[in-house]
Amino acid sequence: MSEAREYCGLFGIFGHPEAVHKTFYGLYSLQHRGQESAGICSTAGKTLLAHRSMGLVGEIFTREVLESLRNPVAIGHVRYSTTGSSTIQNAQPLLFNYAAGPLAIAHNGNLVNSGQLRRDFEERGSIFQTSTDSETIMHLLAQPGGRGEKEHMIWALRQLRGAFSLLLLTPRKMIAVRDRHGFRPLCIGVLDGAPVAASETCALDIVGAKFLRDVKPGEVVEWTAEGEQSYFFPEKPETPAHCIFEHVYFSRPDSLVFGESVHKVRMNLGRRLAEESPVSADLVIPIPDSGNDAALGFSQASGIPLEYGFVRNHYVGRTFIQPTQGARVSGVGLKLNIIPEVVKDRRLVVIDDSIIRGTTSRSRVRLLRQAGAKEIHMRISCPPIVHPCYYGIDFPTTEELVASRMTVEEIRRHLEIDSLAYLSLEGLLGAVTNPKDHYCTACYNGQYRVPLAEQFSKLLHEAKC
Ligand code: SF4
């Protein structure tokens with residue numbers, strides 16, 4: 001993989017003397033979810049301090065910056081732009097002052113009705129400072145309500161459609177929210193008695209926090225000095241629609257996501273792939289890193305030895321995360337190199353997690369041919385992606401998705417490989433343990449759980465900025 005793009009990661013901690021430093025490490029471990037910008041917002045109970053910048057977590061948060069933010073409560077965000085352009089203006093946490101005081105928001109996901117909500121606000125005179133859908137949530141929360149705090153939160157969240165895992169911060173409170181379908185992950189842990197919230201459990205691990213549970217779909221969890229309060233905002237419970245692509249590709253293999261080990265799910269994907277589409281070959285070769293676990297499963301199920309034919313340059317960001325086509329193209333060659341001694345004169349099964357545009361896969365196949373591979377059989381650990389995602393994954397448009405334009409056989413010829421097979425949708429859903437209807441699979445079968453309110457564009461709000 002992979003030419004799809006990633007979106008965001010969240011981390012927060014309430015009431016710990018090292019909260020800001022823990023947030024820094026938490027964000028560091030979530031950078032696979034976004035590498036364009038990062039931010040931390042902290043409080044000691046009176047006001048909010050924030051630092052946001054373009055770039056990587058390790059570059060942005062120097063010792064001095066972390067010291068300047070030092071407070072016992074903090075939330076943080078790493079971002080890739082799924083709506084709005086890649087600018088400092090859109091970096092999160094977004095920080096606003098309104099009648100009730102300062103409020104910061106960190107958002108992972110995409111709203112499908114933010115265009116309409118924003119137009120409604122603008123017609124009533126509201127001024128937006130960013131081009132992200134996340135700001136719409138702030139405007140809803142800032143509306144005068146005449147309700148209690150909790151009732152106002154429920155009123156605001158009920159108007160949002162689509163995918164949102166949120167961390168909110170006021171001087172008194174840290175709040176975690178998950179949309180009614182639970183598209184994106186968000187979990188809760190504890191460190192030295194302090195509650196921690198994070199997109200993935202790998203961020204809990206790195207700070208030494210103990211995993212407690214996921215924030216449930218539709219749940220709001222609030223932490224104050226008085227303790228924890230939890231309630232649900234939807235009118236009625238909804239069937240979950242967890243993004244299955246988190247398991248296929250996005251989440252880290254050392255995370256628990258939607259209640260199960262990403263590593264184990266990927267191993268299952270590889271095993272099922274070997275059962276569905278066996279092939280006679282000398283070696284199984286993963287495309288690192290996202291193909292590693294599925295390749296291990298494929299190797300174990302097929303009895304074909306696993307070898308590492310590609311070496312990844314860890315100092316190049318995930319290719320697809322680069323925001324422009326130019327950056328992507330130059331990243332492909334930089335990112336992976338071949339070990340010719342491994343692949344020369346061998347029949348290879350190459351395991352990848354997906355094929356998006358096809359350009360990256362084609363380049364890699366050429367590298368393998370140049371290195372002397374005798375046969376190349378590609379096995380993909382999920383079905384063909386033929387529909388765009390409106391819930392926070394920045395796949396290209398339908399026309400750009402190679403599987404929406406070509407049959408599997410046409411893609412095989414386009415890639416110039418000896419055979420190509422994808423895992424079936426049944427195989428994909430058979431690799432996870434939650435009920436099958438608890439997952440979103442819209443990019444594979446077009447069955448969108450939350451209908452799109454209007455034509456979606458990453459830069460939906462851009463023309464107005
Ligand atoms: Fe995930 Fe695909 Fe659903 Fe988007 S459409 S949320 S990528 S499963």
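A salt bridge, as the term is used in this talk, is a side-chain nitrogen of Lys or Arg within 4 Å of a carboxyl oxygen of Asp or Glu. With that in place, let me introduce the structure, which is a predicted model. It holds 20 salt bridges, and I shall discuss three of them before turning to two individual residues.

I begin with Arg184 and Glu246. These residues form a salt bridge in which the closest N and O atoms are 3.0 Å apart. Arg184 is in the loop between β8 (174–178) and β9 (187–191), while Glu246 belongs to helix α8 (residues 245–250), so this pair ties together parts that lie 62 residues apart in sequence. Are the two partners buried or exposed? Both Arg184 and Glu246 are buried. The pair also has further partners: Arg33, Arg184, Glu200 and Glu246 are linked in a network of salt bridges.

The second example is the salt bridge between Arg312 and Asp289, with the closest N and O atoms 2.2 Å apart. Here Arg312 sits in strand β18 (residues 310–312) and Asp289 in the loop between β17 (283–286) and α10 (292–302), so the bridge ties together parts that are 23 residues apart in sequence. As for accessibility, Arg312 has a relative value of 19% and therefore counts as buried, the limit for that class being under 20%. Asp289, at 32% relative accessibility, counts as partly exposed.

The third example joins Asp254 and Arg252, whose closest N and O atoms are 2.7 Å apart. Asp254 has a relative accessibility of 41% and so counts as partly exposed. Arg252 is likewise partly exposed, because its relative accessibility is 27%.

I now turn to the individual residues. His21 is located in helix α1 (residues 19–29). Its relative accessibility is 18%, so His21 counts as buried. Which residues does His21 contact, if its neighbours within four places in sequence are left aside? They are Leu66, Glu67 and Arg70.

Finally, please look at Glu426, which is found in helix α16 (residues 425–430). Why does Glu426 count as exposed? The reason is its relative accessibility of 57%, given that exposed means over 50%. How far apart are Glu426 and Leu368 in space? From C-alpha to C-alpha they are 31 Å apart, and in sequence they are separated by 58 residues.

To close, I return to the network: I would ask you to locate Arg33, Arg184, Glu200 and Glu246 in the model, as salt bridges link these residues. Thank you for your attention.

Conventions. Residues are numbered from 1 along each chain as its sequence is written. This is a predicted model: local features need pLDDT of at least 70, side-chain atom pairs count only at pLDDT 80 or more; totals for chains, interfaces and linings use all residues. Side-chain values use heavy atoms; hydrogens and water are left out. Helices (H or I, at least four residues) and strands (E, at least two) are DSSP runs, numbered from the N terminus. Buried means under 20% relative accessible area, exposed over 50%, partly exposed in between (1.4 Å probe, protein chains only). Contact means heavy atoms within 4.5 Å.
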